[in-house]
Each structure stands twice: as structure tokens, then as C-alpha cells.
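Please take me through this model in the viewer, one selection after another, and tell me what is to be found at each stop.

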Amino acid sequence: MRTVVITGGTRGIGGGLARQLLDRGDRVVAIGSGAAGGASLRAEAARRGTADRLAFHRVDLGSVARTVALAEELRARYEVVDALVLCAGRYRTGRAETVEGFEQTFALYVLNRFLLPELLREPLARADRPVILNLCGTGGRAGRINWDDLQLRHRYGGFRATMQGARANDLLGVSFAARHAGSGIRYVLYNPLFVDTGLSEPFRQPTRALVRVLARLFAARVDQAVPPLLDLLADPPDRPLSAFRRSTPVDLGRREFDAETAVRLHRVLTGLLPGPAV
Ligand SMILES: NC(=O)c1ccc[n+]([C@@H]2O[C@H](COP(=O)([O-])OP(=O)(O)OC[C@H]3O[C@@H](n4cnc5c(N)ncnc54)[C@H](OP(=O)(O)O)[C@@H]3O)[C@@H](O)[C@H]2O)c1
């Protein structure tokens, strides 16, 4: 039985993936920050007779300390982790900071996705065909890393923060694959494009209604978005790093995947963390 850890594994794409993996006989470790998502996942698993293979952890992954504690617990509990799926995300229209003083989008979309793969590397490396599947905005050209203001203290915008995260995640994939090339762990960057989840929720009216209508008209449903993820988890590409926009491969020769910039980001992120977390 495979063990798949899914951040944001309670709702949206991650929640849909968790439900289908449970139905297929895998063990799912789902992480979310709210009780409601975990409760509904549990209730559904109980109805379908799969609850014995589901573990739910309620953890705010925007916190470095809680991410480190969660990873410790998972390492103690699971000798082998076959797949780590990074889905946790929240769009923030206004700037807010975590208790540790990081801008929230940066903390969840960049720092957490930097830390967790490193912290779960040992149980991943024990699997037969381990894979990290990072759901992000790869293949887009919008956004940039604001090196002199990573926390966006001076010019915050929800889109700006999200797109900075997208560019950073491309680089996180590059640096993980380069640093752990011999580990056997494949790193897959995957952009699901437009999927009808709770995308309208963070916005006020009338934007909320508009996003809802656009999603109904143009976005894929979660049940349509999940099968390609199941395929990638079952049979990950052989290369240490690959990137896709839905089924279309993204050229890793593009400047978004520059190796030196990836090293720079790794150095900067390591410097932000307290103690030798990585
Ligand atoms: N939907 C799209 O069109 C789209 C397009 C491109 C990329 N993506 C990427 O795909 C991923 C999933 O998107 P989605 O639309 O499925 O998202 P979603 O429906 O909003 O679900 C997000 C998940 O993350 C969890 N989460 C949020 N904040 C958290 C925190 N601080 N700590 C722990 N868990 C947290 C949520 O659970 P709680 O609320 O309980 O915390 C939920 O399970 C995201 O990373 C997004 O960037 C999505």
C-alpha cells in the first residue's frame, strides 16, 4: 500500500485527489488548517469504508515551527512516504503576516514548499518510485521574485504575491532536483490551469460573482483535474525534474528554471529560517 502525504488534502484539487487515492486502496495523510475540511473528508471516508487508511492532521502550514513539528511526527509514524503532494494554498487579497513575521502567501506558498520536501526526504527516499508533485503556476510567464522585498512590505497585491510564489516554486523544483539528484526522488511541477474550486471565496462582490461565473464557464471540474495527477503519481517521469501545464510539458531550458537563480533562492530561504531546519 502506498502512502501519499497531501498538503491541502481536504478540499479543492488536493481533496479530490485524496478521495480518489483512498478509493484506489492507498493510504492518505491529508493536511489542512481547518477542522471542517478534515471532518468532511473523514465522514466521506467512513461512508466509503476507507477511513482506516486516512489520517488527517490539522496544521497551519504557514507556520515554520508547525511544519517542522508535523514533519517530525510524520517521520516517526511513516517509515516510507511514496509521494508528497503540495496543494495547500490560499489567495489573500490583503497583506497579513504569520506569527513568525512572514507574509502569509510567502509563508504558505514558498517557505512551506521549500521546507516540507527537505524534511520528508528520508522517508521519501525509501520508497520504490518516490515523487514530489507540486501543484503550482509553472509554465506561466507572469510574476517575478522581488529579491529586495520578498515579503512584499512595500507593494502587496494578491496576484503579485501568488505570481512571486509561482516563480519561486519553479526554482524550488530546480534546486531540489539538483541537490538530491542521487536520491531517486522525482520532482514534478504541475500547473492544473483553471479548476473550479473555491476560487471566488476570497473576493468581495461583485468580483466574487464574476469569478464564480467564469469558473463555471471555463474551469475544469475537480473530478476532471484529478486523473492526470493519479497518472503522474502512479508513473512519474524518469527525470529528476519535470514540469507540465496540464498534459503539456514545459521546457526546462526557459529562464524561469535558471540553476544559478535557484541556488540564490535556496540560500536566501535558508537564511530566513531559524536554526538548521534544512
Ligand atoms: N484551482 C486552480 O484553478 C489552480 C490553478 C493553478 C494552480 N493551482 C494550485 O493548486 C493548489 C490547490 O488549489 P485549489 O484551488 O484546489 O485550492 P483550494 O480549493 O483553495 O484548497 C486549498 C487547500 O489548502 C488548505 N490550506 C489553506 N491554507 C492552509 C494552511 N495555512 N495550512 C494548511 N492547509 C491550508 C485548505 O484547507 P483549510 O482551508 O482547511 O486550511 C485546502 O485543503 C494550489 O496550490 C494552487 O496554487 C490551482
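Begin by selecting Leu193, Phe194, Leu199, Leu210, Val213, Leu214, Leu217 and Phe218, which in this predicted model form a nonpolar patch on the surface, with a combined accessible area of about 730 Å². Within that selection, centre the view on leucine 193, which lies in the loop between β6 (186-191) and α7 (207-218). Its relative accessibility is 37%, and because the partly exposed class runs between 20% and 50%, leucine 193 counts as partly exposed.

Next, select strand β2 (residues 27-32) and pick out valine 29, which has its place there. Is valine 29 buried or exposed? With a relative accessible area of 0%, valine 29 is buried. To see what surrounds this side chain, display Thr3, Val4, Val5, Ile6, Ala55, His57, Leu74 and Tyr78, the residues in contact with valine 29 once its neighbours within four places in sequence are left aside. Then add leucine 54, which is 25 residues away from valine 29 along the chain, although the C-alpha atoms of the two are separated by 6.0 Å.

For the last stop, select helix α6 (residues 158-179) together with helix α9 (residues 259-272), whose axes are 8 Å apart where the two pack at an angle of about 95°. Angles of 65 to 115 degrees count as roughly perpendicular, so α6 is described as roughly perpendicular to α9. Showing side chains here brings up the contact itself, to which α6 contributes Ala168, Leu171, Leu172, Val174, Ser175 and Arg179, while α9 contributes Ala259, Thr261, Ala262, Leu265, His266 and Leu269.

Note on methods:
Residues numbered from 1 in each chain as written. Predicted model: local features only at pLDDT ≥ 70, side-chain atom pairs only at ≥ 80, totals over all residues. Heavy atoms only, no water. Patch = residues over 30% accessible without salt bridge, like charges linked within 9 Å, V, L, I, M, F, W, Y side chains within 5 Å. Areas by Shrake-Rupley, 256 points an atom, 1.4 Å probe, with all protein chains shown as cover. Salt bridge = Lys/Arg side-chain N within 4 Å of Asp/Glu carboxyl O. Helix = DSSP H or I, 4+ residues; strand = E, 2+ residues; numbered from the N terminus. Buried < 20%, exposed > 50% of the residue type's maximum accessible area, 1.4 Å probe, protein only. Axes fitted to C-alpha atoms, helices over the stretch in contact; angles between N-to-C directions. Parallel < 35°, antiparallel > 145°, perpendicular 65-115°, else oblique. Contact = heavy atoms within 4.5 Å.
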